[in-house]
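Biologist: I am new to this structure and would like a close look at one part of it, with the surroundings explained first. Could you take me through it carefully and give the cut-offs for each term as you go?

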Amino acid sequence: VNDAAEGFGNLTADESTLSGLRESNAELRELLSQADEYKQEAQRLQKLLDLKDLYEIDGVGARVIGNPDQAWSQAVTIDKGTADGVETGLTVMGTSGVVGQVYSAGEHTAEVRLLTDPDSGAAARVESSRAEGVVRGSLEGLLYLENLDADAVVNPGDVVSRGSGRSYAPGLIIGTVVKVDTRQGESTRRVIVSPNDTTGALEEVLVVFGVGAVGEADGNEGGDAS
């Protein structure tokens, strides 16, 4: 009886120990998960800093605090506004390049229309051939490079950057050509451009006040596709 009682006591102690280990394991898993999130955030912020240094950007970093309620809308809310120098018309960048433009600004928040929005448009340039056109968004969330000259040379893999015009800061990367439906010389051409970032992937952005390395920024002037 004594042996059985002692065995039962040890069993209870073992179960208590296991319970404590399970709790400790759960806490460690949560800490590891948080550490991984912090690491990913640090990597995203470093990419924004690298872009800021590369183009000698004067701007302010912001966090995305709101995504669109409608599937067709490609706009986000950021946690910086006029109190931070954010104004309507300013270019907004993600970790890979241009993602959109401020279209409404309050004191502490602002609304950003992404390039992929159907109502968006920006003058663009194919870096390899210097061909110029207009990048427009679509309901599918894709970018289409339009208004190209019939003899413009465009191939999959070509980098597309911001061209000259009033909207968006010039010279910054917009995306990469992924498909050209028609051949050079045809009057109408359908060029699909992969955007830098998608709505769901955006967590931190950089609002551009001015650009030094690629010319003076003119993104604080309104007017899409100009």
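Modeller: What follows goes from the whole chain to one strand and its surroundings, and then to some charged pairs elsewhere.

This is a predicted model, in which local features need pLDDT of at least 70 and side-chain atom pairs count only at pLDDT 80 or more, while totals for chains, interfaces and linings use all residues. Residues are numbered from 1 along each chain as its sequence is written, and side-chain values use heavy atoms, with hydrogens and water left out.

The protein has one helix and twelve strands (helices are DSSP runs of H or I with at least four residues, strands are runs of E with at least two, and both are numbered from the N terminus). Along the sequence the helix comes before the strands, in the pattern α-β-β-β-β-β-β-β-β-β-β-β-β. Of the 226 residues, 40% are buried, where buried means under 20% relative accessible area, exposed means over 50%, and partly exposed lies in between, with a 1.4 Å probe and protein chains only. Among contacts (heavy atoms within 4.5 Å) with a separation of 6 or more, 59% join residues 24 or more positions apart.

Six of the strands close into a barrel in the order E1-E2-E5-E4-E3-E12, with antiparallel pairing; two strands count as paired if DSSP finds at least two bridges between them. Neighbouring strands of this sheet are turned by 45° against each other on average, direction ignored, where the axes are lines fitted to C-alpha atoms, for helices over the stretch in contact, and angles run from 0 to 180 degrees between N-to-C directions. In this barrel order E5 stands next to E4, and E4 (residues 98–105) pairs with E5 (residues 110–114) in the antiparallel sense over five bridges, with Ala105 opposite Ala110 in E5.

The part to look at closely is strand E1, where Val60 is found. Val60 is buried, with a relative accessible area of 17%. Leaving aside neighbours within four places in sequence, Val60 is in contact with Lys80, Asp84, Val86, Val205, Leu206, Val207 and Phe209. Val60 and Val205 are 145 residues apart in sequence, and their C-alpha atoms are 8.6 Å apart in space.

Strand E1 also takes part in a salt bridge (a side-chain nitrogen of Lys or Arg within 4 Å of a carboxyl oxygen of Asp or Glu), in which the side chains of Arg63 and Glu204 meet at 3.4 Å, N to O. Arg63 lies in E1 (residues 57–66) and Glu204 in E12 (residues 204–211), so the pair ties together parts that are 141 residues apart in sequence. Within this pair, Arg63 is partly exposed at 39% relative accessibility, whereas Glu204 is buried at 6%.

Six salt bridges are found in the whole structure. One of them joins Lys80 to Asp79 at 3.7 Å, N to O, and Asp79 is partly exposed, with a relative accessible area of 26%; Lys80 is also among the contacts of Val60. In another, Arg130 meets Glu127 at 3.1 Å, N to O, with Arg130 partly exposed at 45% and Glu127 partly exposed at 28%. These two residues are linked with Arg125 in a network of salt bridges.
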